Amino acid sequence: MSKTKRVIPGFRLTMGFSLVYLSLIVLIPLSALVIKSGGMGLDKFLSIVLNARTLHGYLVSFGAAFIAAIINSIFGVILAWVLVRYDFPFKRFIDGIIDLPFALPTAVAGISLTTLYSENGWIGKILYSFGIKSSFSILGIVIALTFIGIPFVVRTIQPVLEDLDGQYEEAAAMLGASRLRTFCKVIFPEISAPLLTGFGLAFARGVGEYGSVVFIAGNLPMKTEIAPLLIMSRLEQYDYSGATAIALVMLGASFLILFVINGIQLYNSKLKQI
Amino acid sequence: MKKTSMNRSENKFLKYGLIGISIFFLILMLIIPLISIISEALAKGFGVYIKAISDGYTLKAMNLTLIATLIATIMNTIFGICVAWTITKFKFRGKNLLGTLIDLPFAISPVIAGLIFVLTFGKGSFLENILVQNNIKIVFAIPGIILATIFVTFPFVAREIIPLMNAQGTDEEEAAAMMGANGFNIFRKITLPNIKWGLIYGVILCAARAMGEFGAVSVVSGHIRGKTNTLPLHIEILYNEYQFSAAFAVASILVIIAVIVLILRNIVEWKTKKEV
């Protein structure tokens with residue numbers, strides 16, 4: 001630490017309060033999770049985590065979240081592009097409503113999507129007539145996770161596109177590059193880093209999501225049961241160690257996703273500096 | 001903007017195609033669900049709607065939701081200001097670590113957020129004896145709900161104001177301090193005017209999220225009607241009892257709050273852009 005006297009007052013007070021509060025609300029409760037699983041023994045831990053129903057739950061949560069994050073990446077780039085580059089009626093409104101999934105409680109989103117996509121729902125009616133089962137299925141889970149993930153990619157790419165210098169595009173166009181080629185070679189490299197961040201945030205959010213999914217999923221064991229629900233049902237049976245083991249693996253996986261993405265980001269920025 | 005130079009080679013077909021795709025996607029994914037909530041809520045008439053939202057259990061759930069939201073928002077606002085002050089106005093080791101730890105609750109599933117409080121204060125925890133002896137109930141009671149709500153909304157205020165205070169630097173505060181102003185006055189007169197809108201938005205976001213939290217609260221609540229039920233949990237119970245109109249009626253209250261949040265967000269964004 002620096003030996004020079006701090007001019008601005010309040011360091012001890014604000015730092016002290018921040019650390020105490022952080023410990024009480026976040027760090028101590030989180031450590032309870034680690035302590036609990038530490039007292040469990042490896043055999044028991046593995047038997048819970050490697051149980052077929054648990055593994056299937058992981059597969060559903062991670063798989064559906066991955067697909068939803070891909071869908072959101074594609075539409076996120078298109079939406080950000082349209083909002084930054086074009087002018088059209090109701091643009092302010094469209095821009096404003098993108099954050100709805102952040103503001104709308106997950107349970108409300110859940111019952112609304114379930115009603116819409118069930119057999120008698122406005123959209124479900126159409127899909128079911130084509131034989132597409134849009135609720136109580138994996139597709140339903142993907143729909144719900146797509147809904148809650150919409151803002152992540154749009155909001156990470158939008159500011160980057162806004163700051164993008166038009167010169168390079170113009171130069172590329174003057175040198176005879178097609179629009180598609182310009183996009184792939186000039187614009188895409190600029191937005192690939194925020195795209196990855198947005199993808200990672202949407203993916204991590206989707207893996208842990210509960211409220212919006214639990215209604216539309218139908219929760220059939222070995223079919224549409226998501227990992228957070230497995231934790232929930234273990235808790236309802238007062239099987240705290242079971243819930244902890246499943247949670248620990250999920251937590252580890254989420255941190256790994258964010259860590260890998262941060263790593264790629266860091267590597268990329270270092271590459272650019274050279 | 002740079003529009004004149006940019007759109008020279010832009011294909012009209014591509015432009016309207018992309019706008020079309022965007023609008024179709026948003027109508028399908030956001031606007032139809034929003035309309036459906038209102039339509040379902042009013043499906044059995046206005047009388048049923050009024051009855052559902054003025055029902056005794058609904059009012060009790062609303063009361064608990066408001067208490068939890070108020071406490072979580074106040075606590076997280078105080079924390080947000082303190083931690084932002086520490087991070088942006090001083091140099092110290094471990095600053096990046098502190099910044100990462102603030103964001104931790106974002107990366108944690110709501111269900112796991114509830115679970116950690118059950119493990120900390122529930123049966124079999126190291127605190128169990130002390131809590132039982134003093135007759136304190138945290139899990140499956142109101143304190144647990146408040147704690148879980150604080151946890152899931154933990155980073156919101158800090159996240160909004162840290163970038164603003166960072167951009168502002170420390171020169172003005174240093175000058176004021178050297179002229180003898182105390183910390184509270186420096187914050188109130190110099191820092192606050194610059195971060196006002198960001199702070200307001202962070203507080204609104206925190207409150208909105210606190211009101212709507214479902215997963216974490218669901219784990220710690222114990223689902224006791226009229227006692228430990230918040231509005232989102234009440235919606236779940238009504239829905240599972242096939243009282244769809246009542247469930248959507250209660251949901252519509254939260255929709256109105258969500259729409260207000262969105263409008264405020266846009267106002268705040270517009271104000272900050274204007275001031276820059």
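## Chain B and its contact with chain A

In this predicted model, 76 residues of chain B are in contact with 72 residues of chain A. On the chain B side, helix H2 (residues 12-41) gives the largest share, 15 residues. By class, the side of chain B that touches chain A holds 50 nonpolar, 16 polar and 10 charged residues.

Chain B has 14 helices and 0 strands. Its C-alpha trace spans about 65 × 60 × 30 Å along the principal axes. Of the 276 residues in chain B, 45% are buried. Among contacts in chain B with a separation of 6 or more, 78% join residues 24 or more positions apart.

### Two domains

Chain B is divided into domain 1, residues 1-41, and domain 2, residues 46-275. The centres of these two domains, taken over C-alpha atoms, are 32 Å apart. Where they touch, domain 1 of chain B supplies 5 residues and domain 2 of chain B supplies 8 residues. The domain 1 side of this contact has 4 nonpolar residues, no polar residues and 1 charged residue.

The table sets out the residue classes on the two contact sides described so far.

| Contact side | Nonpolar | Polar | Charged |
|---|---|---|---|
| Chain B, touching chain A | 50 residues | 16 residues | 10 residues |
| Domain 1 of chain B, touching domain 2 of chain B | 4 residues | no residues | 1 residue |

### The nonpolar core

The largest nonpolar core contains 150 residues, and the members that touch the most others are Ile231(A), Leu115(B) and Ala251(B). From chain B, both domain 1 and domain 2 contribute at least three residues each to this core.

Which residues is Leu115(B) in contact with, leaving aside its neighbours within four places in sequence? On the chain A side they are Ile231(A), Leu235(A), Ala243(A) and Ala247(A), and from chain B there is Val219(B). Ile231(A) thus appears twice: as a contact of Leu115(B) and among the core residues that touch the most other members.

### Helix H8 of chain B

Helix H8 of chain B covers residues 142-152, and 9 of its 11 residues are buried, so this helix is largely enclosed by the rest of the structure. The buried residues run from Gly144(B), Ile145(B), Ile146(B), Leu147(B) and Ala148(B) to Thr149(B), Ile150(B), Phe151(B) and Val152(B).

What do the buried residues of H8(B) pack against? Chain A provides helix H1 (11-38), while chain B provides helix H4 (56-89), helix H6 (110-121), helix H11 (183-212) and helix H12 (215-221).

How values were computed. Residues are numbered from 1 along each chain as its sequence is written. Chains are lettered from A and ligands numbered from 1 in the order in which they are written. This is a predicted model: local features need pLDDT of at least 70, side-chain atom pairs count only at pLDDT 80 or more; totals for chains, interfaces and linings use all residues. Domain bounds come from an automatic or database domain assignment. Two residues are in contact if their C-beta atoms, placed from the backbone, lie within 7 Å. Ala, Val, Leu, Ile, Met, Phe, Trp, Tyr, Cys and Pro count as nonpolar, Asp, Glu, Lys and Arg as charged, and the others, Gly among them, as polar. A nonpolar core is a set of buried Ala, Val, Leu, Ile, Met, Phe, Trp, Tyr and Cys residues joined through C-beta atoms within 7 Å. A residue is buried if 20 or more other C-beta atoms lie within 10 Å of its own, exposed if 12 or fewer, and partly exposed in between; C-beta atoms are placed from the backbone. Helices (H or I, at least four residues) and strands (E, at least two) are DSSP runs, numbered from the N terminus.
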